[in-house]
Amino acid sequence: ALHKSDLRVEPRSKARVEQLQKAGQPVLVDFTAEWCAICQVNKRVALEHRDVIAKLKEKGVTVLVADWTDQNAEVAAGLAEFGRAAVPLYLLYSRDSSQPPVILPQALTPGLVLEALDQLH
């Protein structure tokens with residue numbers, strides 16, 4: 001069965017993250033891959049949870065997906081920037097571009113994501 005979600009996402013690029021940060025917009029970056037089982041569980045259970053989607057909209061968070069399914073160099077470089085060699089990696093950038101992103105745990109729950117979003121400034 002096909003899975004339909006109300007979660008709105010766009011592809012991640014370093015330039016897009018910088019553009020959104022300069023505009024003072026919070027950003028959630030989801031480094032993921034189709035073959036990554038925990039990534040798919042996190043997406044279904046936490047990121048696509050209706051309360052999480054509502055909070056993302058309320059806070060004006062743009063969700064960017066860094067798809068590493070084909071293990072492309074740009075996503076690999078993004079992972080390496082945060083000392084990671086594999087997915088999943090979840091980064092939550094606040095409106096303050098001078099602050100580093102919060103790195104969320106590799107296993108997500110709706111409550112964990114909601115708590116992180118509530119702490120956004």
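**Strand pairing, pockets and nonpolar core**

In this predicted model, strand 1 (residues 9-11) runs parallel to strand 3 (residues 62-67), and the two are joined by 3 bridges. Within this pair, P11 is placed opposite V65 of strand 3. Strand 3 also pairs with strand 2 (residues 27-32), again in the parallel sense, over 6 bridges. Here D67 of strand 3 is the bridge partner of T32. In a regular strand, side chains point alternately to one face of the sheet and to the other.

The largest pocket has a volume of about 300 Å³. Its lining comprises 14 residues, and those nearest the centre of the pocket are V9, T32, K43, E48 and V65. At least two lining residues come from each of strand 1, strand 2, helix 2 (37-47) and strand 3. Strand 1 supplies the largest share of this lining, 3 residues. Sorted by class, the lining of the largest pocket contains 6 charged, 5 nonpolar and 3 polar residues. Two of the residues named above recur in the strand pairing: T32 is bridged to D67, and V65 stands opposite P11.

For the second largest pocket, the volume is about 210 Å³. This pocket is lined by L92, S94, Q99, P100, V102, L112, E115, A116, Q119, L120 and H121. Helix 5 (residues 110-118) makes the greatest contribution to the lining of the second largest pocket, giving 3 residues. The class composition of this lining is 6 nonpolar, 4 polar and 1 charged.

The largest nonpolar core holds 35 residues, among which L28, V29, F31, L56, V87 and L117 touch the most other members. Helix 1 (14-22), helix 2, helix 3 (50-59), helix 4 (73-81) and helix 5 each provide at least two residues of this core, as do strand 2, strand 3 and strand 4 (89-93). The greatest contribution to the core, 5 residues, is that of strand 4.

F31, one of the core residues that touch the most other members, was examined for contacts beyond its neighbours within four places in sequence. With those neighbours left aside, F31 is in contact with R12, C39, A66, V75, G78, L79, V87, P88, L89 and L91. One of these partners, V87, is likewise listed among the core residues touching the most other members. Strand 2 thus recurs in each part of this description except the second largest pocket: strand 2 pairs with strand 3, supplies at least two residues of the lining of the largest pocket, and supplies at least two residues of the core.

Technical notes:
Residues are numbered from 1 along each chain as its sequence is written. This is a predicted model: local features need pLDDT of at least 70, side-chain atom pairs count only at pLDDT 80 or more; totals for chains, interfaces and linings use all residues. Side-chain values use heavy atoms; hydrogens and water are left out. Two strands pair if DSSP finds at least two bridges between them. Helices (H or I, at least four residues) and strands (E, at least two) are DSSP runs, numbered from the N terminus. On a 1 Å grid over the protein atoms alone, a cavity is a set of points where a 1.4 Å probe fits but cannot get out, and a pocket is an open set with protein on both sides within 12 Å along at least five of seven lines; lining residues have an atom within 4 Å of a point. Grid points are joined across faces, edges and corners, and a volume is the space filled by probe spheres set on the points. Ala, Val, Leu, Ile, Met, Phe, Trp, Tyr, Cys and Pro count as nonpolar, Asp, Glu, Lys and Arg as charged, and the others, Gly among them, as polar. A nonpolar core is a set of buried Ala, Val, Leu, Ile, Met, Phe, Trp, Tyr and Cys residues joined through side-chain atoms within 4.5 Å. Buried means under 20% relative accessible area, exposed over 50%, partly exposed in between (1.4 Å probe, protein chains only). Contact means heavy atoms within 4.5 Å.
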